[in-house]
Amino acid sequence: MLDELKKIAEEVKAKLGEIKDSQELRDLELKYLGRKGELTNILRGLKDILPEERAKIGALANEIKLDIEASLNERRGAAVSADLPALDLTLPGKKPERGHLHPVSQVQEQLENFFTSLGFIIEDGPELESEYYNFEALNIPADHPARDMQDTFYIEEKQKGDPKNRLLLRTQTSPVQIRAMKKYGAPLRVVVPGRCFRYEATDVRHEHTFFQLEGLMVDKDISVAHLKAVLEAMAQELYGPGTKVRLRPKFYPFVEPGFNGEVSCFMCQGQGCRLCKQSGWLEIFGAGLVHPKVLLAGGIDPAVYSGFAFGFGLDRLVMLKYGIDDIRLLHGGDLRFLEQF
Ligand code: DAH
């Protein structure tokens, strides 16, 4: 038994020298000191031998056990650090990946900052809107052909009520003009960014979901001059000083007169290029002086107040800015696209 003990002591010493990591160290510990370990077995067998020998062998076995434990402990630190990958303190740190705002949110934020600097407030409206606010109150009665251009998704109703309260997905941010006038009265300066919907067969230029920004200013003696000044300031914020605005007559039921607003092309400074289809101008917004019927619907007396309004697509601004030729990319959720902004 003495020989066995000595053999164990030597074996352990030899094997300790070959240990590479903490797993091997643990295996070694188990092999000798574990519950069924070789040394443990010997210690357990002591009770079966003669008492005179027991003391001597017992003492030696204990000594060897303590010895093994001590050397295992000594090796432990080195074994654990061998588990770790090499640590190079001179390597540059790993940057955690951060997301960023969607390009449409980026222009929206830029314009919100711009308009609040001019004293406009920012207002939200419901995406699920009533037929009244989306059409009627904006001077688009049920039989008006303008409704064809803004076909949308209607919500099926269980109980038939007043058709004007029928719910639909709003086709434009303009209904918030009415809501804001009712809520705040005049004078009023407000912009409304928001999601809109149309029943479209989608293609590179049409999407069923898109974003607009609406503007409304109501006060005494508001004229087209105010409208043009504000739009020009906005165009210069977007495309730099020197950017010009051109207004051409266009019909919108909720304004009179109504305009198609264009800005001088930021790519060619109005010289004519591929982006502006050689015209020198980019069609960006609809605008006009608020129709008296619309002011009335908003609870404002058109004999005292007048106002201007405008609205445009934020998606279109982003497409022009980056030369994106397919609107469906914007809200398709493809990270390969989004990570470029
Ligand atoms: N709501 C119109 C559209 O979606 C855009 C528009 C045109 C808004 C003229 C206005 C405006 O406020 O005055 O096509």
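**Rings, burial and the ligand shell**

Trainee: What makes a pair of rings count as an aromatic pair here?

Mentor: The count comes to twelve aromatic pairs, under this rule: rings of Phe, Tyr and Trp (its six-membered ring) pair if their centres lie within 6.5 Å, with planes under 30 degrees apart called stacked, over 60 edge-to-face and the rest tilted. Mind that this is a predicted model, where local features need pLDDT of at least 70, side-chain atom pairs count only at pLDDT 80 or more, and totals for chains, interfaces and linings use all residues. Residues are numbered from 1 along each chain as its sequence is written, and side-chain values use heavy atoms, leaving out hydrogens and water.

Trainee: Why is the pair Y239 and F266 called stacked?

Mentor: Their centres are 4.7 Å apart and the planes differ by 5°. Set that against the under 30 degrees limit, and stacked it is. The pair links distant parts of the chain, with Y239 in helix α9 and F266 in the loop between β7 (255-264) and β8, 27 residues apart.

Trainee: Why does Y239 count as buried or exposed?

Mentor: Buried means under 20% relative accessible area, exposed over 50%, and partly exposed in between (1.4 Å probe, protein chains only). Y239 has 16% relative accessibility, so Y239 counts as buried. F266 has 21%, so F266 counts as partly exposed.

Trainee: What makes F308 and F310 an aromatic pair?

Mentor: The centres are 6.4 Å apart, and with 25° between the planes the pair is stacked. Both F308 and F310 are buried. They also belong to one aromatic cluster with F114, F115, F120, F285 and F312.

Trainee: Why does T243 count as buried or exposed?

Mentor: T243 has 5% relative accessibility, so T243 counts as buried. The T243 side chain reaches the backbone oxygen of G240 at 2.6 Å. Leaving aside neighbours within four places in sequence, T243 is in contact (heavy atoms within 4.5 Å) with E232, A235, Q236, V263 and S264.

Trainee: How do you know which residues surround the ligand?

Mentor: A residue is near if one of its heavy atoms lies within 4 Å. The shell has 16 residues, and the closest are Q172, S174, R198, Q212 and E214. A nitrogen atom of the ligand is 2.7 Å from a side-chain N or O atom of Q172, and a polar side-chain atom of S174 lies 3.0 Å from a ligand nitrogen. F310 turns up here too, with a backbone N or O atom 3.3 Å from a ligand oxygen.

Notes
A polar contact is a pair of N or O atoms within 3.5 Å; within protein, one must be able to donate a hydrogen and the other to accept it, and residues adjacent in sequence count only if both atoms are side-chain atoms. Helices (H or I, at least four residues) and strands (E, at least two) are DSSP runs, numbered from the N terminus.
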